[in-house]
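Colleague: I should like to learn how to read a structure of this kind. May we go through it feature by feature?

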Amino acid sequence: MKRTLRIKAAALALAVAGALGAAQEAVAQANEIFVPVLVYRTGAYAPNGIPWADGYVDYLKLVNARDGGVNGIKIAFEECETGYATDRGVECYERLKSKKPVIFNPLSTGITYALTDKVAADKIVLFTTGYGRADSVDGSVFAWNFPLLGTYWSAADMLVQHVAKKGPLKGKKIALVYHDSPYGKEPIKLLEERAKREGFQLSLLPVTHPGVEQKAVWLQIRQQRPDYVFLWGWGVMNSTSIKEAIAVSYPRLQMYGVWWSSAEPDVEPAEMASKGYNGIALGHSDERDFPVHKDMVKYLYDKGQGTAKDKKDIGAVLYNRGMISAMLTIEAIKQAQSKYGKRVVTGEEVRWGAENLNLDAGKIKALGFGDMVQPLKTSCTDHEGVRKGRIHTWDGKDWSYTSDWYEADMKILNPMIKTSAAAYAAEKKITPRDCSKEK
Amino acid sequence: MIYRETGQFKTNYASDQQLFPILQDRIFVIAFLVLAFAVVPLVASEYLLRAILVPFLILSLAAIGLNILVGYCGQVSLGTGGFMAIGAYAAYNLAVRIPDLNLLVVFLLAGACATVVGALFGIPSLRIKGFYLAVATLAAQFFIDWMFARIKWFTNDSSSGNVSAPPLDIFGYTFTSPAEKYLLVLVFVCVFALIARNLVRGAIGRSWMATRDMDIAAEVIGIRPLRAKLSAFAVSSFFVGVAGALWAFVYLGSWEPLAFDVNRSFQLLFMVIIGGLGSILGSFLGAAFIVILPLFLNQFPTWLGIPLSTAAISHIEFMVFGALIVFFLIVEPRGLARLWAIGKEKLRLWPFPH
């Protein structure tokens with residue numbers, strides 16, 4: 001009896017120690033720039049979360065190993081597992097905030113929504129490369145958000161442009177199979193607007209988290225026989241969707257995924273049967289032969305310091321995207337240093353750097369990224385920088401480009417962005433900045 | 001020795017009926033409150049306040065609410081997450097549609113909305129019991145999830161289904177700093193814990209406990225099951241609804257229906273079971289266990305300087321956490337609150353146990 005009590009007391013003491021220990025804080029090094037890395041290496045979204053995280057971390061390591069940091073200042077980083085859950089993501093943000101981070105890259109639209117208010121108060125930049133809230137393109141209201149390279153409104157717009165090229169959309173049916181979260185719902189507004197203009201019929205088919213149960217959705221598709229299916233899924237939901245499409249024999253040729261639904265983990269589980277499946281590429285696809293990939297092997301993997309399990313993973317679609325996100329992070333820091341001096345820069349200074357990014361084709365090439373990133377230029381009115389994409393198609397083994405470049409139509413997007421951002425500003429009582437006065 | 005109540009004579013009814021009849025308990029509670037109100041806001045770091053104490057307090061409030069229903073009245077509910085969602089979205093809609101309304105009123109009205117819905121979904125409890133009732137409340141959970149994800153009116157036609165709370169403006173004062181938010185939540189939790197504590201030892205609480213222990217016997221001695229069960233559902237949902245509104249407004253700030261999914265219901269039920277059924281203190285202990293322990297387990301290897309990959313740490317977190325739940329349920333099925341009670345008994349006799 002006495003012993004059990006002792007065990008109980010010990011267990012209780014452990015729990016109490018947990019409460020006290022959680023209060024501790026780590027102190028960041030004074031001569032390093034801290035870049036937090038929010039990742040998900042476990043759970044239903046891990047197949048897609050891991051390659052992105054590997055690419056992101058590898059690029060930060062590469063900058064330290066190859067260039068000795070950013071202008072001589074080393075990059076410090078720490079991973080925090082969010083599991084794609086919003087509350088855990090917010091906890092990670094609070095945890096890493098004490099280390100004076102400059103840029104957060106949460107890789108979740110849900111977490112982006114939750115952090116949007118917080119980063120403005122804490123003066124930390126929020127990069128959402130190829131995701132995030134579409135209206136945050138308007139930097140006069142969303143000073144701290146940067147949905148670089150493309151938002152979901154841009155993605156949906158380019159997909160509509162692509163299918164419209166194959167024949168007029170009037171009277172056609174497009175089904176959107178989407179992850180029932182802020183991420184999946186984001187494109188709806190644009191698609192509704194486009195449906196009104198082009199005269200196609202849009203049907204919305206939500207899939208609940210985590211997305212392994214989709215039988216009902218695909219039965220509906222079998223009944224409705226839409227001309228095109230747009231897939232807005234993430235994690236295991238993507239491969240499940242493709243398998244279900246095969247089961248109801250919906251032609252893969254008529255399926256188009258957003259850039260988060262067209263990577264190797266999505267098509268590989270169904271192997272050859274995924275052949276013909278398309279996706280819009282965020283400027284880059286599966287590319288392995290650019291100088292940056294060779295540097296990865298030379299500086300990290302040959303020395304056994306790579307993050308990914310195998311050299312083969314370098315250059316996969318999501319690995320590249322993680323790398324590009326890290327590259328943009330580093331470039332924003334560099335830009336900030338060019339104005340404020342080659343030292344440890346603050347969040348506010350990096351915000352200026354991110355808002356004045358100007359990467360032309362030559363600069364991107366010099367960084368070793370070839371044509372994986374389209375030239376981009378950000379400003380106070382445009383936090384997206386560039387909004388171009390092309391279609392790539394899975395041939396059973398590889399992705400290959402099957403279309404020309406598209407650019408999202410700002411004539412349609414701009415008024416929507418303005419309206420939505422203005423509504424946000426009114427709700428939060430934010431006075432938009434006057435962009436003509438920003439330098 | 002330490003907890004000996006010898007010599008503490010009760011000479012009138014008031015002293016006999018007070019909240020904490022033992023002097024040591026009173027001293028302990030007052031010291032704890034002083035610590036929570038005066039010391040913690042001054043010394044605690046922003047991380048501790050914002051990421052640990054605020055969620056811990058809000059979920060404690062929800063756990064108290066659920067404990068009233070499950071622990072005191074014996075009605076198993078798996079719809080707690082849904083009732084929290086009712087509170088959160090009711091508060092959001094009230095705050096957005098009637099901007100002049102005081103936020104305190106908004107929170108209480110949000111609780112009232114949850115009360116109505118909770119009592120409505122409590123009606124089946126008059127006919128069904130145990131597991132069957134759990135399934136019926138699970139239906140409430142799924143219905144409420146569906147409602148807030150699909151009916152656009154509730155989210156004010158937000159394109160992404162995500163809504164965000166207006167600033168915390170009460171009586172012209174805006175709560176912005178972590179310490180202010182912590183104090184706001186602390187006041188709510190203390191007031192509601194006091195109300196709960198008094199409810200459960202009054203006539204209504206006794207009618208709940210009688211229903212829990214044996215509903216037919218309770219009916220025979222004149223307790224109306226309709227009133228007892230529905231009042232438990234109503235009071236419980238009120239607490240849970242207010243907790244939901246606080247969770248959305250103070251902790252999250254911006255949320256989607258997924259924040260209140262069925263996992264939240266399970267999480268709260270585990271808190272109540274691990275903390276101790278039928279105990280207010282147990283609700284706090286359970287919330288601490290479920291909220292704080294995973295975060296601790298996640299960060300512990302880093303403090304020790306053990307180089308582990310992020311994935312390994314989070315797998316270890318799941319395994320150790322699961323193992324600890326099983327461990328506590330085996331050594332003390334009546335919960336952490338019971339461990340505390342045993343400890344008090346021991347201290348009473350210490351250092352001369354017989």
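Colleague: Among contacts in chain A between residues at least 6 apart in sequence, what percentage join residues at least 24 apart?

Modeller: Please bear in mind that this is a predicted model. In chain A, 70% of the contacts between residues at least 6 apart in sequence join residues at least 24 apart. The secondary structure of chain A consists of 15 helices and 15 strands.

Colleague: How many residues does chain A have, and what is its radius of gyration?

Modeller: Chain A has 439 residues and a radius of gyration of 22 Å; this agrees with a compact globule, because a globule with that number of residues would have a value near 22 Å. Along the principal axes, the C-alpha trace of chain A spans about 70 × 65 × 50 Å. Buried residues account for 55% of chain A.

Colleague: Into which domains is chain A divided?

Modeller: Domain 1 of chain A comprises 32-151 + 287-387, and domain 2 comprises 153-284 + 409-415. Their C-alpha centres lie 27 Å apart. Across the boundary, 24 residues of domain 1 of chain A are in contact with 18 residues of domain 2 of chain A.

Colleague: Which helix of chain A supplies the largest share of the side of domain 1 that touches domain 2?

Modeller: Helix 12 of chain A does, with 5 residues. By class, that side of domain 1 of chain A holds 13 nonpolar, 8 polar and 3 charged residues.

Colleague: How should one read an interface between chains?

Modeller: The size of an interface is often expressed as the accessible area lost when the parts come together. Here one may consider the residues in contact: 38 from chain A and 39 from chain B. Several elements of chain A each supply at least two residues to the side that touches chain B, among them helix 1 (2-21), strand 2 (74-81) and helix 3 (86-97). Helix 1 of chain A gives the most, with 9 residues. The side of chain A that touches chain B divides into 12 nonpolar, 11 polar and 15 charged residues.

Colleague: Let us end with a single residue. Is Asp289(A) buried or exposed?

Modeller: A residue counts as exposed if 12 or fewer other C-beta atoms lie within 10 Å of its own. Asp289(A) has 8 other C-beta atoms within 10 Å and is therefore exposed. Asp289(A) sits in the loop between strand 10 (278-281) and helix 11 (291-300) of chain A.

Colleague: What separation is found between the C-alpha atoms of Asp289(A) and Pro415(A)?

Modeller: The C-alpha atoms of Asp289(A) and Pro415(A) are separated by 40 Å, and the two residues are 126 residues apart along the chain.

Terms used
Residues numbered from 1 in each chain as written. Chains lettered and ligands numbered in written order. Predicted model: local features only at pLDDT ≥ 70, side-chain atom pairs only at ≥ 80, totals over all residues. Helix = DSSP H or I, 4+ residues; strand = E, 2+ residues; numbered from the N terminus. Rg over C-alpha atoms; globule rule 2.2 N^0.38 Å. Buried ≥ 20, exposed ≤ 12 C-beta atoms within 10 Å, placed from the backbone. Contact = placed C-beta atoms within 7 Å. Domains from an automatic or database assignment. Nonpolar A, V, L, I, M, F, W, Y, C, P; charged D, E, K, R; others polar.
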